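Hi everyone, thanks for making the time this morning. I'd like to walk you through one model, starting with a single residue and working outward.

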Amino acid sequence: MSTSSRRAWLRSLTGLAAGTAALAREAHVVEGEALAQTPAQPPVAASLALPDFEPRSMLHVPETHVERARFPVVDVHTHLTFRVRSVGGVAHGEAMRTLATPTEVLTVMDRRNVQTMVNLTGGVGSGLQESVRTFQNHPTRFAVFTEPSWDRITEPGYARWQADELGRAKASGARGVKVLKTLGLYLREQVTSGPLVTIDDPRFDPMWEACGALGLPVAIHISDPEAFFLPIDRFNERYEELHAHPDWSFHGKDYPSNAELIAARDRVIARHPKTTFIGLHVGHSSENLAAVSAALDRFPNFNVEIGARIGELGRQPRASRRFFDRYQDRVLFGTDAVPNGHQTPQQVFGDDLYTIYFRFLETEDEYFDYAPAKVPPQGRWRIYGVGLPDPILRKVYNQNARRLLSL
Ligand SMILES: [Zn+2]
């Protein structure tokens, strides 16, 4: 637009605005006369505190209640046991805490058609043996992963010991290795002090190689939602979540950026092509499916799991549906479920959690809650189902997991 025509255009807008204002004034006078004869309305507060705002959707749309998954489910991302001791975000020692008995968990699993649960945080050494023992009476219903012993990285010979230790873990019953975001965001050179240890630190190379040689897939969680790397301010779309859990913020200090963490992860995946990696939480980039797609295209040994990210997938249902179509052999079902009183609603193990996941995957329902909570806990939005066809649903629910985890 030329300068003179732009000016003319602006003038026409100003004229329009003035006319609208005059009309509004007129309407106000007429309305005011009418109001004078009706009883006063209760005043509407000029502002409302965000925690008090609980809008209820007025949409009239179909609601599907999916009581049982259409096909048996393998939930590859659960936490049934945890290490007892943690210092500065790094687990120490071998002692374990069990969060639920097999019987408690099986009741929900049977009701919802969950065939197998994979307990990723099975621990190390004697703790791992204990985790395996707790669930061993139901060998087709539970599988256990082991973890690296980050608390021992300063010991001489750690690199070789860790690789060998994974062989012993496999002999004890571990089906894979879980890597928490401890690596990259908490683990430091002197374990809890000093500079952060990078994800692609060469001292872990023997460990990644051992995973490939032993056939132990690596369920890896590095980085976090992009919003966790930004200031906790009014522009942050996960303000309430970060306000409730300020320790989840990795903004500032000496934290690497989200992009640096992902790049370091990619160097590890590239360096160990015979090792199978399962990128938890949609490869840690559920807000950026183009980036996840690029990683899947680049690395044949990379797969993803959807735990605690249906809030992200479900707010971009068309892109998600295309993603499931394209990578149907490499997406695994997971929830990140934690039994008994976990503080984050999107992870509380139980009937409600599973029905929401099934509704998201199986139906084309619109605008529903992604977590059993009064206010959406991972951002104030609702989600849309992707309505996967049966052949894809079967792969995501169980076939991909059975193949990758040899279940
Ligand atoms: Zn998890």
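Let's begin with Leu 196, which is partly exposed, because 17 other C-beta atoms lie within 10 Å of its own, and a residue counts as buried only from 20 or more. Please keep in mind throughout that we are looking at a predicted model.

Where does Leu 196 sit? You'll find Leu 196 in the loop that links helix 5, residues 182-185, to helix 6, residues 205-214. If we set aside the neighbours within four places in sequence, Leu 196 has contacts with Arg 188 and Asp 254. There is also Gly 184, 12 residues away along the chain, with its C-alpha atom 6.7 Å from that of Leu 196.

Now let's zoom out. The chain has 407 residues, and 40% of them are buried. DSSP gives us 14 helices and 10 strands. Take the contacts between residues at least 6 apart in sequence: 76% of these join residues at least 24 apart.

On to the core. In soluble globular proteins, nonpolar side chains tend to be buried together. Here, the largest nonpolar core has 88 residues, and the members touching the most others are Ile 278, Phe 333 and Val 396. Helix 13, residues 351-362, supplies the largest share of this core, with 7 residues.

Which residues does Phe 333 contact, leaving aside its neighbours within four places in sequence? From the earlier part of the numbering, there are Val 73, Val 74, Asp 75 and Val 76. Then come Ile 306, Val 396, Tyr 397 and Ala 401. So one of those partners, Val 396, is itself among the three core members that touch the most others.

My last stop is a hairpin. Strand 2, residues 81-87, and strand 3, residues 90-98, run antiparallel and are joined by 6 bridges. Start at the turn: Val 87 stands opposite Val 90, and 2 residues lie between the strands. One residue to look at in this hairpin is Gly 88, which takes a positive phi near 55°. Then follow the pairing to Thr 81, whose bridge partner in strand 3 is Thr 98.

That's my tour, and I'm happy to take questions.

How values were computed: Residues numbered from 1 in each chain as written. Predicted model: local features only at pLDDT ≥ 70, side-chain atom pairs only at ≥ 80, totals over all residues. Pairing = 2+ DSSP bridges. Helix = DSSP H or I, 4+ residues; strand = E, 2+ residues; numbered from the N terminus. Buried ≥ 20, exposed ≤ 12 C-beta atoms within 10 Å, placed from the backbone. Contact = placed C-beta atoms within 7 Å. Core = buried A, V, L, I, M, F, W, Y, C linked by C-beta atoms within 7 Å.
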